[in-house]
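Reader: I am new to this structure and would like a close look at a single part of it, the place where two of the chains meet. Please take me through it carefully, and set it beside whatever else helps me to understand it.

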Number of protein chains: 4
Amino acid sequence: MNTATHAATSELRVAVLGARGKVGREICRAVEDAEGMTLVAEVDAGDSIEVLVEAGAQAVVDFTHPDVVMGNLEYCIDHGIHAVVGTTGFDDDRLAQLRTWLEGAPSTGVLIAPNFSIGAILMMRFAAQAAPFFDSVEIVELHHPTKADAPSGTARRTAELVAEARRAAGSAAMPDATSTALAGARGADVEGIPVHSVRVRGLVAHQEVILGELGETLTIRHDSLDRAGFGPGVLAGLRAIEDHPGLTVGLEHFLDLPR
Amino acid sequence: MNTATHAATSELRVAVLGARGKVGREICRAVEDAEGMTLVAEVDAGDSIEVLVEAGAQAVVDFTHPDVVMGNLEYCIDHGIHAVVGTTGFDDDRLAQLRTWLEGAPSTGVLIAPNFSIGAILMMRFAAQAAPFFDSVEIVELHHPTKADAPSGTARRTAELVAEARRAAGSAAMPDATSTALAGARGADVEGIPVHSVRVRGLVAHQEVILGELGETLTIRHDSLDRAGFGPGVLAGLRAIEDHPGLTVGLEHFLDLPR
Amino acid sequence: MNTATHAATSELRVAVLGARGKVGREICRAVEDAEGMTLVAEVDAGDSIEVLVEAGAQAVVDFTHPDVVMGNLEYCIDHGIHAVVGTTGFDDDRLAQLRTWLEGAPSTGVLIAPNFSIGAILMMRFAAQAAPFFDSVEIVELHHPTKADAPSGTARRTAELVAEARRAAGSAAMPDATSTALAGARGADVEGIPVHSVRVRGLVAHQEVILGELGETLTIRHDSLDRAGFGPGVLAGLRAIEDHPGLTVGLEHFLDLPR
Amino acid sequence: MNTATHAATSELRVAVLGARGKVGREICRAVEDAEGMTLVAEVDAGDSIEVLVEAGAQAVVDFTHPDVVMGNLEYCIDHGIHAVVGTTGFDDDRLAQLRTWLEGAPSTGVLIAPNFSIGAILMMRFAAQAAPFFDSVEIVELHHPTKADAPSGTARRTAELVAEARRAAGSAAMPDATSTALAGARGADVEGIPVHSVRVRGLVAHQEVILGELGETLTIRHDSLDRAGFGPGVLAGLRAIEDHPGLTVGLEHFLDLPR
């Protein structure tokens, strides 16, 4: 655990929980390099959470573990410290608990973000916006072969958003004359959207959404080549958290994007 | 010239001007196949424009020539016929003239659209929306080698929209450490956005906008494989024209998209 | 049926069987435009095959139907006319029959080619050559949604060639840690190679072979945008057929490529 | 400097020169993990080169600096140690010097390789093989924006190989009807091949060769996402070096590929 006391008064004082994990280290670096904020504490397993108050943290970034994140957040909310959270495992019960705690801290903000990649968020947004204008939509996601789940969480979420947009627009069923197919050839079905999962050594994390109508296609592709890609999203979350008290789920609500 | 009188009363009665050109023929087919509208006249060079009134046309699609389009539009506006126009060559003087004529026909709509490809319109829209979130943006457009201009009009327009969005957001200059370059390697400069024009036999009309920040890239690609790709855009224009009296420039204003 | 008698003596005199089909028309145009050959007959259903001899054809291109192609070829071999055949439906029995007939015509050549796309042939060749150098190989094929079979014949053939090359090189099993998957997400299994079939309106016929090892990937992509793509392959077949008496299966044997 | 004495007698004893550089560290790791070889010394600036003999090195990998590499190689050749060299800066004079030294060590091999990426080598090979079958070839290379030169060395080399293959095949000039162009739009001209250099934050090192003829295109793309991509190429060089005494320039001569 490290603390720092060199913060200028006008800068946001940030602590990172899970600071020695792979992502945590990147976040520490990004906070240190960012204008308008100061890294005041790097906390990891074995460190006392009391350091947050001792270091005068105004906001934390939490990339820890489902087992400890609720304890961390209870402490933060109790002490009026904003939280930007990338840790997974939030179900409805946990979100309800957070809302209850936040009732007692009306000026404190908590952001739960399943995805801090601005590129991925825009890909999902644009895919859903475009879907009603096209007859067909399919998703191809490509990852390194050590990934355990197929499709990826981002691909599933994209498919759900696209399906929802098509339902809202009253889109017709997608054309597909396939009559003879090998099992699996046409991919997984996620709410009617075919999703294909490629696993190839050398890849990192990539996704293409292919939309088509008569005579033209539109393809939206996101390539995540490095976990440094989380940095800008976390910084965007930190910069906006003071202006968003209460619970927010999804970084997209903080981005200045047309709805 | 062909006319038809089989229109149901509730259907939009459409005439096509330039009906025997390559695009015109595709538009005629698209109108015939579309629900809610009837093709009542196919007009081309040598035919009398009077057929529009005789056939009871309520709206025209004009894919003719800069030399004749203003005469066509004067006739249409005089007779309260809406116009969806893909013909090129509209400068400020021509647009001012159209506005003057339309003052005398307050319920008539004219849509001047440089691009009827919904995919291309969405590509430009999304590229401009995404640009402020990324450090770098470049455009690669790829066409058949019989194309005379480089970059394409769509690539120039995309670059202008991206540059405008970056200026509005106060984006910093794009990073580029190139110190030793062959002439042309870094592409054309369109308002600060590098644009690269590929000309390869077998290609039709394609464009990629590549946006990047630390650790991730977002690529928006449009492939136009067939001039049938204009059909859905023209139909969208026809369906909305009655609700948009006056002059509109750009099909994007008729699409139900977030601004 | 049309015949022509304007051939220069040194030019190859070519007839097209199936001349009024979509592909046949393109082939006629390609032969007419090609240097070193003359189109001497366009034959289709209802025409007498005797026109081949009357027109002095030295070689035919056959894009007809499995029901009639054997009759056509018997006539050609009987009369010493070379044949370049794109018609489908050749099984071992038919190939054996052709070999028997060709024994009596030792200077006559017959090329049976399942694929005349030089790009597709090179894609398959390169994919098989590269496969032993990479840990992973997967195939994504993308077609219009009116296609009946999935995967495409080209994708199956590519997978077979890649699998054969990997077996010959003693390649290890491909890495894949997938432990939780939706049915179909990981594609179809063709001899151990995952194949993914995308069907999207606006696409024509496309295929990507993605090969990867630690830190890098190699992607070989073929886009067929137009059936005019068959022309150069058919011409290559015609130009080489005189030098390849007997039966040849696969245009790749005529291309001057390293093995 | 570290040395090891745990090598099994049948394993190739390898030393790495430049072992503490970014690439050097990756190479050390790759050698340690590889079957059939042992890492016996990690040497960098400040270490004595005598350690190579002390550690019983049979082969070295040199990723050092143009200023010191010739001294390293003289020592290795004097002592009969094979060398696989990724250091740059070899001109004709240096290659001639190496040949002279090697005359006195007829069983020693030196491989000078400008590129250890097997994917990049295959991309160049396939592009040159395919070029004569297509009317058009263009190259798009995409890199991070801290790169100083445009086009990249790999893109220039690819263009030279493609141009050479087209000349050898007597290919016609590429079609290009461009009559109105912004400066730079059509890229840099490398021996008649247009090369386009994209510089976008988030990219690593990527290249596409796009070949096209009537109706179809073939695209060969290499993505290098990590300098770990050099490992397999260096190992391939080490495994083959004993069987290739004398000077070899280019790893491609060691790969079992059709010429």
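**Where chain C meets chain B**

Author: In this predicted model, 5 residues of chain C are in contact with 5 residues of chain B. Together the two chains bury about 250 Å² at this place, and carbon and sulfur atoms account for 79% of that area. Within the share that chain C buries against chain B, 92% is supplied by Gly202(C), Val204(C) and Leu225(C), which is more than any other three residues give. When the residues on this side of chain C are sorted by kind, 3 are nonpolar and 2 are polar, while no charged residue is found among them. The count of salt bridges between chain C and chain B is 0, and the count of residue pairs in polar contact, with both residues at pLDDT 80 or more, is likewise 0.

The arrangement of the two chains can be described by laying one on the other. A turn of 180 degrees, with a shift of 0.0 Å along the axis, places chain C on chain B with an RMSD of 0.1 Å. The two copies are thus related as by a two-fold rotation axis. Leu225(C), already named as one of the three residues that supply 92% of the area buried by chain C here, is also the residue of chain C that comes closest to this axis, with its C-alpha at 3.6 Å. Since 100% of the interface residues of chain C are also interface residues in chain B, the copies meet through the same surface.

It helps to set this beside the contact between chain C and chain A, which takes 46 residues from chain C and 46 residues from chain A. Here the two chains bury about 3,200 Å² between them, with 61% of the area on carbon and sulfur atoms. Between chain C and chain A there are 2 salt bridges, and the side chains of Arg201(C) and Asp135(A) meet in a salt bridge at 3.1 Å from N to O. In addition, 22 residue pairs, both at pLDDT 80 or more, are in polar contact between chain C and chain A.

This pair, too, can be superposed: a rotation of 180 degrees, with 0.0 Å of shift along its axis, brings chain C onto chain A with an RMSD of 0.1 Å. For this axis, the residue of chain C that comes closest is Gly184(C), whose C-alpha lies at 1.9 Å. As 100% of the interface residues of chain C are also interface residues in chain A, these copies meet through the same surface.

Chain A itself is assigned two domains, with domain 1 covering 12–112 + 228–249 and domain 2 covering 118–173 + 183–225. The C-alpha centres of domain 1 and domain 2 of chain A lie 30 Å apart.

A last point concerns the confidence of the prediction. For the complex, the predictor gives an ipTM of 0.85 and a pTM of 0.89. The mean pLDDT of chain A is 93, and 95% of its residues reach 70 or more. Over residues 4–8 of chain A, however, pLDDT stays under 50, and for this stretch the model has 9 contacts beyond four places in sequence.

Methods. Residues numbered from 1 in each chain as written. Chains lettered and ligands numbered in written order. Heavy atoms only, no water. Least-squares fit on C-alpha atoms with pLDDT ≥ 70 in both. Contact = heavy atoms within 4.5 Å. pLDDT = per-residue confidence, 0-100. Buried area = accessible area lost by both parts, 1.4 Å probe. Salt bridge = Lys/Arg side-chain N within 4 Å of Asp/Glu carboxyl O. Polar contact = N/O pair within 3.5 Å; in protein donor to acceptor, adjacent residues only side chain to side chain. Nonpolar A, V, L, I, M, F, W, Y, C, P; charged D, E, K, R; others polar. Domains from an automatic or database assignment.
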